[in-house]
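The following exercises concern a predicted model of a protein chain with a ligand. Each task is followed by a solution in steps.

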Amino acid sequence: MAHFPTPDGRAPWRASVLTLFPEMFPGPLGLSLAGQALTAGLWAIQTHQIRDFGLGRHAQVDDTPAGGGVGMVLRADVLGPAIDHARAANPDAPAIYLSPRGKPLDQVLARELAAGPGVVLVAGRFEGIDERVIEARSLREISIGDYVLSGGDLAAMVLIDACIRLLPGVLGKSESTTQESFENGLLEHPHYTKPREWEGLSIPGVLLSGDHKKIAEWRHEQALKLTSERRPDLIARRERSS
Ligand code: SAM
């Protein structure tokens with residue numbers, strides 16, 4: 001993990017990931033925007049192989065569910081020491097278990113996590129992890145959506161990516177994230193680029209008018225229209241908070 005300071009003197013935002021598949025990382029996070037920021041030392045990643053804390057000759061990490069039932073459960077006496085080890089290297093970061101039962105990840109939560117020193121992420125597998133480890137290590141549970149993945153690794157990558165792009169210096173222009181979907185409680189307006197005409201379809205005239213006030217008004221109207229049609233829940237939330 002990089003320990004040198006970022007160009008503005010801050011320590012890099014640190015992602016520590018506990019996983020049975022460390023070879024998955026940084027994966028897509030090593031490419032494009034996130035990859036450039038990683039190389040620039042704006043953030044750092046460290047993986048911890050859960051199996052290194054496994055028990056016995058076979059480094060066992062899981063066992064059958066108490067009370068019976070299908071599948072396997074990651075053991076508390078394996079994960080507990082693994083989490084303690086990861087936390088020792090990233091002591092101020094919140095410890096999070098990626099879980100379909102968790103608080104849904106949204107832009108507000110991503111901003112909150114990006115503003116901190118980093119995250120310690122537990123990527124589950126099988127049927128999940130022993131409940132006692134969640135309680136004993138005060139793990140925060142976060143979900144990336146109402147569906148079930150085979151493991152928490154992809155969810156960890158999603159969370160990390162959502163945070164990294166919010167770190168100072170990662171995106172080119174400071175306003176790049178402020179106009180995006182969810183930042184003002186709305187989905188983003190549509191985008192267009194060249195050519196002016198494509199397959200008989202034109203760019204809306206207002207965008208070519210050069211009138212910045214009218215363009216801003218049009219974009220806001222479009223954002224409201226799209227959000228009302230597709231995500232009335234966001235409109236209701238906006239109205240409740242205004
Ligand atoms: N038995 C669990 C349940 O029904 O809630 C699902 C376990 S899932 C097959 C294995 C692991 O994938 C979980 O321990 C969790 O870490 C991760 N996972 C699955 N879906 C997720 C989601 N929507 N958000 C975050 N993590 C998820």
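**Exercise 1.** Determine whether serine 209 is buried, partly exposed or exposed, and describe its surroundings.

*Solution.*
Step 1. The relative accessibility of serine 209 is 43%. The class "partly exposed" lies between the limits of 20% and 50%, so serine 209 counts as partly exposed.
Step 2. In the chain, serine 209 belongs to the loop that runs between strand E9 (201-202) and helix H6 (212-230).
Step 3. A polar atom of the serine 209 side chain is 2.6 Å from the backbone oxygen of valine 206. The backbone nitrogen of aspartate 211 is found 3.1 Å from a polar atom of that side chain.
Step 4. Serine 181 is 28 residues away from serine 209 along the chain, and the two C-alpha atoms are 24 Å apart.

**Exercise 2.** Classify threonine 227 by its accessibility, and identify the backbone atom that its side chain reaches.

*Solution.*
Step 1. Threonine 227 is part of helix H6.
Step 2. Its relative accessibility is 0%; threonine 227 therefore counts as buried.
Step 3. The threonine 227 side chain reaches the backbone nitrogen of leucine 187, at a distance of 2.9 Å.

**Exercise 3.** Is glutamate 141 buried or exposed, and which side chains does it contact?

*Solution.*
Step 1. Glutamate 141 is located in strand E7.
Step 2. The cut-off for a buried residue is under 20%. Because its relative accessibility is 19%, glutamate 141 counts as buried.
Step 3. The side chain of glutamate 141 has a polar contact of 3.0 Å with the side chain of serine 99. A polar contact with the side chain of arginine 101 is also present, at 3.0 Å.

**Exercise 4.** Describe the residues that surround the ligand and the elements that supply them.

*Solution.*
Step 1. The ligand is surrounded by 20 residues, and the closest are Tyr97, Leu98, Gly124, Tyr147 and Leu149.
Step 2. By residue class, the shell consists of 10 nonpolar, 8 polar and 2 charged residues.
Step 3. The space that the ligand takes is the largest pocket. Two or more residues of the shell come from each of strand E5 (95-104), strand E7 (140-143) and helix H5 (152-164).
Step 4. Strand E5 gives the largest share, with 4 residues.

**Exercise 5.** Which backbone atoms lie within polar-contact distance of the ligand, and how much of the ligand does the protein cover?

*Solution.*
Step 1. A ligand oxygen atom is placed 2.6 Å from a polar backbone atom of leucine 98.
Step 2. For serine 99, a polar backbone atom is 3.3 Å from a nitrogen atom of the ligand.
Step 3. Isoleucine 144 has a backbone N or O atom at 3.1 Å from a ligand nitrogen atom.
Step 4. On its own the ligand has 590 Å² of accessible area, of which the protein covers 84%.

**Exercise 6.** Characterise the protein chain as a whole by its secondary structure, extent and burial.

*Solution.*
Step 1. The secondary structure of the protein chain comprises 7 helices and 9 strands.
Step 2. The C-alpha trace extends over about 70 × 45 × 40 Å along its principal axes.
Step 3. The chain has 242 residues, and 42% of them count as buried.

Conventions: Residues numbered from 1 in each chain as written. Predicted model: local features only at pLDDT ≥ 70, side-chain atom pairs only at ≥ 80, totals over all residues. Heavy atoms only, no water. Near = heavy atom within 4 Å. Polar contact = N/O pair within 3.5 Å; in protein donor to acceptor, adjacent residues only side chain to side chain. Areas by Shrake-Rupley, 256 points an atom, 1.4 Å probe, with all protein chains shown as cover. 1 Å grid on protein atoms, 1.4 Å probe; cavity = no way out; pocket = protein on both sides within 12 Å on 5 of 7 lines; lining within 4 Å. Sits in = over half its atoms within 2 Å of the grid points. Nonpolar A, V, L, I, M, F, W, Y, C, P; charged D, E, K, R; others polar. Buried < 20%, exposed > 50% of the residue type's maximum accessible area, 1.4 Å probe, protein only.
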